[in-house]
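Biologist: Could you take me through one helix pairing in close detail, and then show me how other parts of the model look beside it? I would enjoy a connected account.

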Amino acid sequence: MEASLEGPPQASMSARLAALQLHSCGNSSSGTQWWAERAALDGIAVELEASNFVVLDSVLGASTVASLRAEVEGVRRAGRLKASELGGGRTGSNVAFTRAEARGDSIGWFTGGEAALWPDGTLARYLDVLDGLMGALGKRVPQLRATTKRSKAMIACYPGSGARYVRHHDNACSRSEGEQCNGRRLTAILYLNEGWEVAHGGHLRLYPPYKPDAAKEALQELQAWLLTQHDAPDAEMVAHTFHERLAEITTNDDAPPLCDVAPIADRLILFYSDYRVPHEVLPAHRDRLAVTVWYFDEDEHARAYKPSEETDAYEALAVAKQMRRWRSDAAATGGGSAADAAAPRGVTSLFGSTESLDVPGMELCPIPDKGLGLIATRAFAPGERLIAEAPLVLWESARGADGEHKWSVLEELVEALPAGSRRAFDGLMDKYAPDDQFKTARGIWNTNAFRTEDVLGDGKAAQCDGVERSAVFRVTIAYVAGAEAGGRASRQAHLQAKYHFGCVCDVCELRGTAQQASDDRFERLACIHKTLSSVPPLELEATVAESVALLNAEGLPLVWAKAGMLLVIVQLKQSARLGRAAHWARRGAAAATFALGDDSATFLKFASLAQLFGQAAGDAEDDAPDTPDDAGRWAWLPAARAVCAAAKDVAAPNGAHHGAQHAAPNGAAADADPAPPSDADEPSMHSVYVAGEGPTILPS
Ligand SMILES: O=C(O)CCC(=O)C(=O)O
Ligand SMILES: [Fe+2]
């Protein structure tokens with residue numbers, strides 16, 4: 001490697017391989033390449049295994065690479081390269097979008113057999129050579145043994161106007177495990193740029209491996225263990241609800257770059273496609289051409305492109321189970337019409353009726369300038385589940401299906417809706433179609449769909465937004481939520497950028513020291529969330545308890561700490577402290593019941609873990625709560641308890657009136673002195689109060 005003044009060192013072929021090249025007796029005109037000799041192949045294998053990448057120069061020979069380049073230029077002139085798309089989801093085909101500022105190349109995929117495009121057959125010949133090299137490496141590198149398949153060749157041109165490709169890895173996968181594995185094992189890029197100079201930029205910048213995420217690995221282990229618990233009810237299904245939590249834990253990727261590789265003609269770089277080699281293409285100031293091929297691991301590739309059978313079956317199972325629950329609850333409560341049969345307990349569809357809404361504690365009312373809104377007519381504790389609705393359409397975006405097919409599946413589902421539900425669906429907003437135009441199922445979906453269950457866990461929480469002078473609470477949705485929301489400035493910026501509005505909720509309207517204190521809490525929460533996976537095991541319980549205390553002080557739902565709670569459980573299980581793991585699982589279940597309901601996936605997950613570990617642990621002494629009121633604390637927020645306990649006092653026939661409690665939801669309560677929680681003091685969820693200047697608690 002050469003030193004460079006700025007940035008990481010420039011990487012070129014290693015001295016060892018260069019020496020082998022120099023002493024090679026092969027030459028490209030006779031068709032034998034220097035690297036095809038045994039000693040060179042051994043050296044390449046060793047280097048790839050040691051460094052995760054290897055750079056080879058003079059791979060084809062100057063004249064061969066020049067003719068390949070000439071044909072590639074022809075393909076480009078023929079207009080066969082198109083702006084590249086960025087892909088989401090496991091196979092990249094669920095979501096596709098172009099964003100030149102993130103990825104600015106134009107690409108095309110070719111077998112080399114397209115006779116009109118490759119009259120001299122240069123691409124096919126190169127692919128033969130590369131396959132030969134891979135075959136030889138497969139015999140030397142155990143993890144390349146099953147890389148028997150490859151992609152077509154991707155011809156990529158980065159225009160010299162500064163085109164780049166931001167940091168990424170080609171396979172979001174760790175050791176061939178995880179939901180996002182796409183089967184790519186090795187990336188092989190041949191550069192075609194003669195006379196490339198440092199000033200032309202366009203280097204391939206390599207980064208050190210993403211740190212294998214301890215938290216993710218621990219969760220994967222728990223997931224795998226759950227799958228072995230055949231006798232335990234729900235264990236299998238719970239295992240399959242873990243992927244959202246796994247995705248939620250972010251990977252630490254702040255590491256400085258390792259080296260830059262100049263894209264010079266006849267240079268081949270091979271690197272592992274997964275988490276081991278994050279990379280980016282720096283802005284190119286001259287048109288930059290490359291041929292990229294991905295070699296696949298056979299098994300992983302088969303799994304990636306046939307995922308719907310396994311994963312989707314479990315997701316379908318979860319949904320079916322949920323629907324059954326709702327139906328039997330509806331039947332048990334003598335529940336309503338056929339249309340309501342699928343509705344969760346205590347819930348009526350909001351659609352179809354604007355006059356009446358059968359949700360205790362809420363009314364549907366016109367709100368000036370805002371259309372219809374929900375008004376709370378009783379006290380809600382921060383974080384309490386307000387409403388649940390049966391979905392109109394349940395649709396899991398078909399993985400692996402191409403974009404258009406996927407949407408036609410949704411359209412079919414919408415077509416098949418009963419008339420009432422269809423009207424309700426069509427009545428929803430389609431922000432992608434102006435009102436006078438035809439609405440599309442896709443636009444309505446994009447504007448309105450939530451993930452089934454755990455709406456709150458996905459960052460949209462129903463909550464009271466504080467006290468209006470009109471003596472009512474407006475029931476609103478939090479658009480930025482979750483432990484990662486950050487301080488006021490970060491929330492406001494996010495809302496502006498994504499939803500084009502500024503928030504005026506109580507927390508955002510705080511000023512001075514109260515605002516500073518709230519910001520500090522939110523920022524600390526976000527920091528804990530971000531660094532959760534690197535918290536040392538012995539500090540994990542205390543750290544998660546801290547995040548719960550912060551949520552509590554902000555008047556936010558404790559269930560927002562669920563990722564942390566889950567990690568604590570995993571860690572306790574790993575240290576065989578099953579009783580205590582069960583104890584934390586019960587905390588998680590309590591928080592989930594309160595905020596999401598006992599028909600939520602999160603509740604199911606924690607409750608199953610509590611049951612499993614509880615059974616396994618028996619009556620271990622570890623199982624005891626930390627403090628006498630511990631259990632209560634985890635279901636409840638002290639601030640919320642203060643409000644509701646007072647409400648109960650007032651409502652109780654002999655209760656003494658404590659006077660107005662200035663405990664607005666959403667954090668203002670943090671300044672009040674919350675009543676110490678006590679288990680005897682269970683809050684009444686049905687006390688009625690109407691808010692005035694500050695919430696005034698009225699006897700019912
Ligand atoms: O062309 C390069 O150097 C890298 C391109 C790349 O990272 C990709 O296409 O995934
Ligand atoms: Fe890449």
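Modeller: Helix 3 passes helix 4 in a left-handed crossing, and this is a predicted model, so please read everything that follows in that light. Helix 3 covers residues 62-77 and helix 4 covers residues 122-138; their axes come within 9 Å and cross at roughly 130 degrees. That angle is why helix 3 counts as oblique to helix 4: it does not exceed the 145 degrees required for roughly antiparallel. Looking at the residues themselves, helix 3 brings S67, L68 and E71 to the contact, and on the side of helix 4 they meet T122, L123 and Y126. Sorted by class, the residues of this contact come out as three nonpolar, two polar and one charged.

Now set that beside helix 1 (residues 15-22) and helix 2 (residues 38-51). Here the packing angle is about 165 degrees, and the axes lie 10 Å apart. Helix 1 and helix 2 are therefore roughly antiparallel to each other, the angle being over 145 degrees. Their crossing is left-handed. From helix 1, the residues R16, L17 and L20 take part, meeting A39, A40, G43 and I44 of helix 2. Five nonpolar residues, one polar and one charged make up this contact.

Further along the chain there is another pair to enjoy, helix 16 (residues 562-574) with helix 17 (residues 578-596). These two pack at about 165 degrees, with 8 Å between their axes. Helix 16 and helix 17 are therefore roughly antiparallel to each other, and helix 16 passes helix 17 in a left-handed crossing. The contact residues of helix 16 are K562, M565, L566, V568, I569, L572 and K573, and those of helix 17 are L578, R580, A581, W584, A585, R587, G588 and A591. By class, this contact holds 10 nonpolar residues, one polar and four charged.

From helices, let us turn to strands. Five strands form an open sheet with mixed pairing, in the order 1-12-11-14-9. Strand 1 (10-11) and strand 9 (165-168) stand at the edges with a single partner strand each, so one side of each has no neighbour in the sheet. The partnership of strand 1 with strand 12 (residues 259-261) is parallel and runs over two bridges. Within it, A11 stands opposite V261 in strand 12.

The sheet also leads us to ligand 1. Strand 14 (279-281), together with strand 15 (288-296), contributes to the shell around this ligand, each of the two supplying at least two residues. The residues surrounding ligand 1 are A156, Y165, D170, I189, L204, H279, V281, A290 and T292. In terms of class, the shell has six nonpolar residues, two polar and one charged.

To come back to where we began, helix 3 and helix 4 cross at roughly 130 degrees, with S67, L68 and E71 of helix 3 meeting T122, L123 and Y126 of helix 4.

Definitions and conventions:
Residues numbered from 1 in each chain as written. Chains lettered and ligands numbered in written order. Predicted model: local features only at pLDDT ≥ 70, side-chain atom pairs only at ≥ 80, totals over all residues. Near = placed C-beta within 6 Å. Helix = DSSP H or I, 4+ residues; strand = E, 2+ residues; numbered from the N terminus. Nonpolar A, V, L, I, M, F, W, Y, C, P; charged D, E, K, R; others polar. Axes fitted to C-alpha atoms, helices over the stretch in contact; angles between N-to-C directions. Parallel < 35°, antiparallel > 145°, perpendicular 65-115°, else oblique. Left-handed = near helix turned anticlockwise from the far one by under 90°. Contact = placed C-beta atoms within 7 Å. Pairing = 2+ DSSP bridges.
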